Amino acid sequence: MGEDQISCTDAEWERARVLADRREMSISRYLVECGLNVDPTTEAPKPPRLVLDEAEQRRLHDSVVKIAKRTAEAESEEAVMTRIRNALNFLVEARIREMVRDAREYELKSLLTDLFGERAAAATVERLHTRMATDGLD
């Protein structure tokens, strides 16, 4: 057997470990299986865009302004802010759950660490795991 090696970032290695664990395989076996099932002549799919272009930003802004005008007239400012906070919490939680399900926990923890510090990031991820297990969505 040859002693060929692969090189990848810590984040890529962690993702491979999580995906291999999900399939109850060693990382080595998982990588070999993936390598044998990929057609190198096909183009890899483009990664998802993570930002909006200028036109999308403008449409989003205009939509938010319209929504704000309609809701601000009907409700108190506090009620509107509560609804906005609840909606943001919902969206953030949905995105975080998606990242965990997609074996991107390492990326999530890094983002949370940058925003809130290491202890808060670890606590947030732990709370999420608890909620997901309780919800049966793990």
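Glu98 and Arg95 sit three residues apart in helix 4 (residues 77-101), so about one helical turn separates them. Their side chains meet in a salt bridge, at 2.6 Å from N to O. Glu98 is partly exposed, at 33% relative accessibility. Arg95 is partly exposed too, at 34%. The model is predicted.

The structure holds eight salt bridges. Three of the pairs, including the one in helix 4, are set out here.

| Pair | N to O distance |
|---|---|
| Arg17 and Glu14 | 2.4 Å |
| Glu98 and Arg95 | 2.6 Å |
| Arg104 and Glu107 | 2.9 Å |

Helix 1 (residues 10-22) carries Arg17 and Glu14. These residues are three apart, so they too are separated by about one helical turn. Their side chains form a salt bridge. Arg17 is partly exposed, with 32% relative accessibility. Glu14 is also partly exposed, with a relative accessible area of 27%. The pair belongs to a wider arrangement: Glu14, Arg17 and Asp21 are linked in a network of salt bridges.

Arg104 and Glu107 form another salt bridge. How accessible is Arg104? Its relative accessibility is 13%, so Arg104 counts as buried. The cut-off for buried is under 20% relative accessible area. Its partner Glu107 is partly exposed, at 27%. This bridge therefore joins a buried arginine to a partly exposed glutamate.

One general point applies to such contacts. Side chains of opposite charge can pair when their charged atoms come close.

Key: Residues numbered from 1 in each chain as written. Predicted model: local features only at pLDDT ≥ 70, side-chain atom pairs only at ≥ 80, totals over all residues. Heavy atoms only, no water. Salt bridge = Lys/Arg side-chain N within 4 Å of Asp/Glu carboxyl O. Helix = DSSP H or I, 4+ residues; strand = E, 2+ residues; numbered from the N terminus. Buried < 20%, exposed > 50% of the residue type's maximum accessible area, 1.4 Å probe, protein only.
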